[in-house]
Amino acid sequence: MNTHNSSNASNTDRPSANSVSGNGQSGASSSAADILLVDDNPEVARAMAIALELAGHRLEVATNPEEAFSRLATHRYRAILLDMNFTAGRTGGEEGIATLQRLLAQDPSACVVVITAHSGVRIAVAAMQAGARDFLMKPWRNAELVAKVEAAMLTGVPAPAPATATAPSAPPAHLLGESPAMAEVRRLIARMGPTAANILISGPPGSGRGLVARALHAASPLAAQPLAEIDLRDDGAWAALEGAEGAVLLRHADRIGEIPAERLLRRLPPNLRVFAIVAETAPVSPALRARIGTVEIPVPPLSARATDALILARHFAREAALRHGRPAPRFTPAAEALILSRPWPDEVRGLALAVERALLLSDEAEIDSALLAPARTEATAEPAPPSYDLPSYDLDQSERLMIAAALAEHGHNISHAAAALGLSRGALYRRMARHGL
């Protein structure tokens with residue numbers, strides 16, 4: 001958000017010990033709730049935290065939409081307070097509207113209350129038309145803030161019943177990333193999820209195909225029912241198909257032979273909705289493809305997702321820090337360059353593992369490129385490429401970017417830059433000369 005009206009928010013709205021409604025509670029009865037505020041103004045965050053905590057709720061803060069979607073990927077919030085502007089100088093609310101639309105596309109039951117300035121009535125109206133439950137004008141009164149949030153949580157679309165008793169607060173399946181490729185995946189999920197169509201989900205292993213299947217199921221009329229998952233390579237798992245209802249997730253339909261494919265066709269109940277995950281569609285027989293893949297949703301590799309790798313790395317770092325009780329780290333410029341330029345084995349899953357390992361090995365609240373890419377000798381052979389087709393990489397350009405970033409980060413100290421890159425001084429000098437650095 002912009003910092004307009006921040007002084008009003010901090011001076012007028014900071015509650016005293018007996019504010020809200022005299023006893024720390026609003027007039028509307030509501031159980032304690034986890035609430036997410038998406039706002040980059042720390043004064044607004046402090047004022048809202050005091051008001052909502054006095055009312056018995058707990059507020060978490062994301063300073064931008066990227067961090068908000070990262071938090072939403074791991075936790076379900078009863079309500080989301082969303083500011084409408086995040087870039088300095090922008091007051092039109094377009095950023096907030098875009099965030100609101102994406103929130104509701106991935107979780108139609110999300111309870112969103114937007115925050116606008118008094119001059120933002122038009123923005124508030126647009127947000128309500130886009131699906132916000134209510135709006136709050138700045139500067140606000142604390143009793144009004146609590147009352148609006150609690151009333152919003154009691155109205156609107158009820159959240160779907162959890163798929164399993166073991167995960168009553170499981171968050172919706174949020175697909176992180178801002179690239180056009182992932183925007184297209186989200187568009188297809190929003191379009192196909194509410195239908196009865198069988199979906200073939202293709203893409204490299206580790207790219208997030210299972211998450212796409214979960215998102216499709218969550219958007220479907222069958223969301224309240226469990227999503228059974230069957231590995232077709234395991235003959236014993238096929239018993240789950242007997243009398244199966246609702247929807248099923250089939251893995252490795254491209255890894256079974258012609259005879260098992262025919263047997264699968266006979267055993268699939270006619271009204272069972274299928275989400276099928278494959279690395280490649282070519283090995284799937286035409287008859288089986290017609291049954292399990294009315295529509296195909298290709299999940300792109302990280303190399304086709306622009307700067308999404310860095311967004312994902314920040315999410316994995318925050319998630320790992322919470323899991324291991326460590327402070328959330330930052331990435332050095334050389335680490336960011338490496339994340340964006342390197343082809344990660346095992347795709348998103350491999351990046352997540354590398355970030356968690358780097359967090360655990362780091363002695364400080366930052367992750368350097370050396371921690372993400374352990375040192376190796378120049379004679380070490382490159383791993384064989386995966387069996388699926390990947391777009392070509394400009395390795396020379398990637399290497400040049402990494403070396404330039406490491407040199408800049410270490411003040412052109414050759415020894416330090418070479419150590420960060422896992423090279424000897426002589427090897428670094430040779431590569432610098434080759435790239436004209």
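Strands β6 (residues 199-202) and β9 (residues 273-278) run parallel and are joined by 4 bridges. To find this pairing in the predicted model, you can start from Leu200, whose bridge partner in β9 is Ala276. As a reminder, strands of a sheet pair through backbone hydrogen bonds, either parallel or antiparallel.

From here, let's widen the view to the whole sheet. The two strands belong to an open sheet of 5 strands, with parallel pairing and the order β7-β8-β9-β6-β10. At its edges are β7 (227-231) and β10 (295-298), each of which pairs on one side only. Going from one strand to the next, the twist averages 20 degrees. Helix α7 (residues 180-192) packs on this sheet and touches β6, β9 and β10. The direction of helix α7 makes about 150 degrees with that of β10.

If you follow the chain onward from β10, you come to the loop between that strand and α11 (308-324), where Ala306 is found. Ala306 is worth a pause for its backbone: its phi is near 50 degrees, a positive value in a residue other than glycine. Is Ala306 buried or exposed? Ala306 counts as exposed because its relative accessibility is 56%, and the cut-off for exposed is over 50%.

A second positive phi awaits at Glu347, with a value of about 55 degrees although this residue is not a glycine. Glu347 is placed in helix α13 (residues 347-361). Its relative accessibility is 4%, so Glu347 counts as buried, the limit for that class being under 20%.

Now let's turn back to an earlier part of the chain. Strand β3 (residues 79-83) contains Asp83, which an unreviewed UniProt entry lists under "modified residue: 4-aspartylphosphate". In this model Asp83 counts as buried because its relative accessibility is 2%. Further along, the peptide bond from Lys138 to Pro139 is cis, with omega near -5 degrees. Pro139 lies in the loop between β5 (134-138) and α6 (142-153).

Finally, step back to take in the protein as a whole. There are 17 helices and 12 strands, and buried residues make up 48% of the 437 residues. Among contacts with a separation of 6 or more, 71% are between residues 24 or more positions apart. The accessible surface comes to about 20,400 Å², and carbon and sulfur atoms account for 55% of that area.

Key. Residues are numbered from 1 along each chain as its sequence is written. This is a predicted model: local features need pLDDT of at least 70, side-chain atom pairs count only at pLDDT 80 or more; totals for chains, interfaces and linings use all residues. Side-chain values use heavy atoms; hydrogens and water are left out. Two strands pair if DSSP finds at least two bridges between them. Axes are lines fitted to C-alpha atoms, for helices over the stretch in contact, and angles run from 0 to 180 degrees between N-to-C directions. Contact means heavy atoms within 4.5 Å. Buried means under 20% relative accessible area, exposed over 50%, partly exposed in between (1.4 Å probe, protein chains only). Accessible areas come from the Shrake-Rupley method with a 1.4 Å probe; for residues, only the protein chains shown count as cover. UniProt positions are given in the numbering used here, feature names are shortened, and annotations may be inferred rather than shown by experiment.
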